[in-house]
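The following exercises accompany a protein chain and are intended for a reader who meets it for the first time. Each task is followed by a solution in steps.

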Amino acid sequence: MFEVFSRSYYLGRLYVTPTDGDHALMDSAQHERINEELYASGEGIERLDAPLVMKLESQHFSVHGDDAVPTNTLAVPESLLEGTDVRNPPSLREVLLARRERAQQLLAFTGEWSAPGTDPSNVGT
């Protein structure tokens with residue numbers, strides 16, 4: 001689904017559609033699988049529901065899992081879609097997925113990433 005694009009990102013294609021919520025969402029099982037394959041370090045017990053970080057055009061945002069979102073679909077808040085070229089959704093679009101280190105860096109700015117040695121229960125909150 002995602003392939004190496006650069007040192008900081010993977011490239012994939014997802015159907016982008018608007019959502020009324022505050023967070024970007026994707027299918028929970030797919031979110032967990034991507035989290036395990038690309039974000040887990042393999043050290044100790046890790047949460048697989050931590051937010052993914054994606055980039056659509058020039059906007060970065062965290063992505064959470066939701067059982068109501070169809071597979072291969074990225075539901076993005078309407079406010080984020082306003083600044084994009086997405087028209088007549090759902091629209092198949094190229095999406096960048098930040099690699100683990102880049103995601104940590106970006107999520108640290110928003111407080112959505114727990115630093116090593118901190119309480120892992122606050123990841124994604």
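**Exercise 1. The order of the elements**

Read along its sequence, the chain of this predicted model follows the pattern β-β-β-α-β-β-β-α-β-α. Task: state how many helices and strands the chain has, and what share of its residues is buried.

Step 1. The chain has 3 helices and 7 strands.

Step 2. The chain comprises 125 residues, and buried residues make up 39% of them.

Step 3. The accessible surface is about 7200 Å², and carbon and sulfur atoms account for 46% of that area.

Step 4. Consider contacts between residues at least 6 apart in sequence: 73% of these join residues at least 24 apart.

**Exercise 2. Strand β7 and its partners**

Task: determine why strand β7 is described as largely enclosed, and identify strands that pair with β7.

Step 1. Strand β7 spans residues 91–98, and 6 of its 8 residues are buried, so the strand is largely enclosed by the rest of the structure.

Step 2. Strand β2 (residues 9–19) runs antiparallel to β7 and is joined to it by 8 bridges. Within this pairing, Leu11 has Leu96 of β7 as its bridge partner.

Step 3. Strand β4 (residues 52–56) also pairs with β7 in the antiparallel sense, over 2 bridges. Here Lys55 stands opposite Leu96. Leu96 is thus matched with Leu11 and with Lys55.

**Exercise 3. Arg93**

Task: decide whether Arg93 is buried or exposed, and list its contacts beyond four places in sequence.

Step 1. Arg93 is found in strand β7.

Step 2. The relative accessible area of Arg93 is 19%. A residue counts as buried when this value is under 20%, so Arg93 is buried.

Step 3. With neighbours within four places left aside, Arg93 is in contact with Gly12, Arg13, Leu14, Val16, Leu56, Glu57, Asp85 and Val86.

Step 4. Arg93 and Tyr15 are 78 residues apart in sequence, yet their C-alpha atoms are 6.1 Å apart in space.

**Exercise 4. The hairpin of β4 and β5**

Task: describe how β4 and β5 pair, and name the residue of their hairpin that takes a positive phi.

Step 1. β4 is mostly covered, with 4 of its 5 residues buried.

Step 2. β4 and β5 pair in the antiparallel sense over 5 bridges; Met54 has Phe61 in β5 as its bridge partner.

Step 3. The hairpin has 2 residues between the strands, and Glu57 takes a positive phi near 55°.

**Exercise 5. The largest nonpolar core**

Task: establish which residues touch the most other members of the largest nonpolar core, and which strand gives the most to it.

Step 1. The core has 28 residues, of which Tyr39, Leu52, Met54, Phe61, Val63, Leu74 and Leu97 touch the most other members.

Step 2. At least two core residues come from each of β2, β3 (24–27), α1 (28–39), β4, β5 (59–66), β6 (73–77), β7 and α3 (100–110). The most are given by β2, with 5 residues.

Step 3. Leu52 illustrates the surroundings: not counting residues up to four places away in sequence, Leu52 touches Met26, His31, Ile34, Asn35, Tyr39, Phe61, Ser62, Val63 and Leu97.

Step 4. In α1 the buried residues are Gln30, His31, Ile34, Asn35, Leu38 and Tyr39. These residues lie on the same side of α1, because they cover an arc of only 135° around the axis.

Notes: Residues are numbered from 1 along each chain as its sequence is written. This is a predicted model: local features need pLDDT of at least 70, side-chain atom pairs count only at pLDDT 80 or more; totals for chains, interfaces and linings use all residues. Side-chain values use heavy atoms; hydrogens and water are left out. Buried means under 20% relative accessible area, exposed over 50%, partly exposed in between (1.4 Å probe, protein chains only). Contact means heavy atoms within 4.5 Å. Accessible areas come from the Shrake-Rupley method with a 1.4 Å probe; for residues, only the protein chains shown count as cover. Two strands pair if DSSP finds at least two bridges between them. A nonpolar core is a set of buried Ala, Val, Leu, Ile, Met, Phe, Trp, Tyr and Cys residues joined through side-chain atoms within 4.5 Å. The arc is that of the directions from the helix axis to the C-beta atoms.
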